[in-house]
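Me: Please take a close look at one strand of this structure and at what surrounds it. After that, go through the pocket, the aromatic pairs and the backbone angles that stand out.

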Amino acid sequence: MSVGEHIDFHCPSCNSLQTVEIWRSINTKENPELKTELFEGRINVFHCLECDFEGSLPVDLLYHDVEKQFCVQFFPFEWVLDENFIKRFHFKDGNAILILPEDNLNLPAYLRNFQITFNMNEMIRYIIFLEKVLQTDKEI
């Protein structure tokens with residue numbers, strides 16, 4: 001399911017308070033148009049109506065492709081400095097794995113073992129990479 005919400009956000013440049021739409025989850029089956037918006041750099045981006053400041057909003061985003069069965073999780077890099085954020089992971093088989101609540105352990109494997117990125121451009125590049133690998137696998 002795609003999950004969006006509206007939040008109040010203070011512009012980092014002029015401190016103007018504005019309500020902005022953010023997305024926490026994109027499900028490409030339900031909302032394929034959000035993939036286009038993500039690839040065009042229009043998801044979780046703040047545009048100040050007062051001073052024209054533009055920047056990324058510090059919110060997490062899960063990209064979920066149900067049909068191709070993969071997901072990619074973006075976290076703002078500054079969250080790495082938060083000890084509580086780091087405690088949500090453990091190290092297993094050479095990777096940092098998000099510790100899921102027990103009620104989520106029955107999820108399909110692709111929802112439990114996803115790629116984590118810390119840059120939106122990196123997220124988009126990884127999605128493109130996965131789609132190309134999947135296409136090549138179909139051709140073989």
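Reply: In this predicted model, Tyr-63 is in contact with Ile-26, Thr-28, Lys-35, Leu-38, Phe-70, Cys-71, Val-72, Met-123, Ile-127 and Glu-131, if neighbours within four places in sequence are set aside. Tyr-63 is found in strand E5, which covers residues 61-65. Its relative accessible area is 0%, so Tyr-63 is buried. One long-range relation can be given as a distance: Ile-124 is 61 residues away from Tyr-63 in sequence, but the two C-alpha atoms are 9.5 Å apart in space.

The next residue to consider is His-64, which also has its place in strand E5. His-64 has a relative accessibility of 11%; because the cut-off for buried is under 20%, His-64 counts as buried. Not counting residues up to four places away in sequence, His-64 touches Ile-26, Asn-27, Thr-28, Phe-70, Cys-71, Tyr-110 and Leu-111. Ile-26, Thr-28, Phe-70 and Cys-71 are among the contacts of His-64, and these four residues are also among the contacts of Tyr-63. Tyr-110 and Leu-111 are on the list for His-64, while Met-123, Ile-127 and Glu-131 are on the list for Tyr-63.

Strand E5 also takes part in the largest pocket. The space in this pocket comes to about 400 Å³. Its lining is made up of 19 residues, and those closest to its centre are Leu-62, Leu-100, Asn-104, Leu-107 and Leu-111. Two or more lining residues come from each of strand E2 (17-27), E5 and strand E6 (70-74). By class, the lining holds 12 nonpolar, 4 polar and 3 charged residues. Leu-111, one of the residues closest to the pocket centre, is also one of the residues that His-64 touches.

Lys-35, named above as a contact of Tyr-63, has a second relation to an aromatic residue. Lys-35 lies over the face of Phe-39, at 5.5 Å from the ring centre.

Next, the ring pairs. A pair of aromatic rings is described by the distance of the centres and the angle of the planes. The count for this model comes to 10 aromatic pairs. One of them is formed by Trp-79 and Phe-85: the centres are 5.8 Å apart and the planes are at 75° to each other, an edge-to-face arrangement. Trp-79 has a relative accessibility of 23% and so counts as partly exposed, whereas Phe-85, at 5%, counts as buried. Both belong to a cluster in which ring pairs link Phe-75, Trp-79, Phe-85 and Phe-89.

Last, the backbone angles. Phi of Asn-15 is near 70°, which is positive in a residue other than glycine. Asn-15 has its place in the loop between strand E1 (3-10) and E2. With 52% relative accessibility, Asn-15 counts as exposed, because the cut-off for exposed is over 50%. Asp-93 also has a positive phi, near 50°, and is likewise a residue other than glycine. Asp-93 lies in the loop between strand E7 (89-92) and strand E8 (95-98). Its relative accessibility is 69%, so Asp-93 counts as exposed. Ser-2 is 91 residues from Asp-93 in sequence, and the two are 30 Å apart in space, C-alpha to C-alpha.

Notes
Residues are numbered from 1 along each chain as its sequence is written. This is a predicted model: local features need pLDDT of at least 70, side-chain atom pairs count only at pLDDT 80 or more; totals for chains, interfaces and linings use all residues. Side-chain values use heavy atoms; hydrogens and water are left out. Helices (H or I, at least four residues) and strands (E, at least two) are DSSP runs, numbered from the N terminus. Buried means under 20% relative accessible area, exposed over 50%, partly exposed in between (1.4 Å probe, protein chains only). Contact means heavy atoms within 4.5 Å. Rings of Phe, Tyr and Trp (its six-membered ring) pair if their centres lie within 6.5 Å; planes under 30 degrees apart count as stacked, over 60 as edge-to-face and the rest as tilted. A charge sits over a ring if NZ of Lys or CZ of Arg is within 6 Å of the ring centre and within 35 degrees of the ring normal. On a 1 Å grid over the protein atoms alone, a cavity is a set of points where a 1.4 Å probe fits but cannot get out, and a pocket is an open set with protein on both sides within 12 Å along at least five of seven lines; lining residues have an atom within 4 Å of a point. Grid points are joined across faces, edges and corners, and a volume is the space filled by probe spheres set on the points. Ala, Val, Leu, Ile, Met, Phe, Trp, Tyr, Cys and Pro count as nonpolar, Asp, Glu, Lys and Arg as charged, and the others, Gly among them, as polar.
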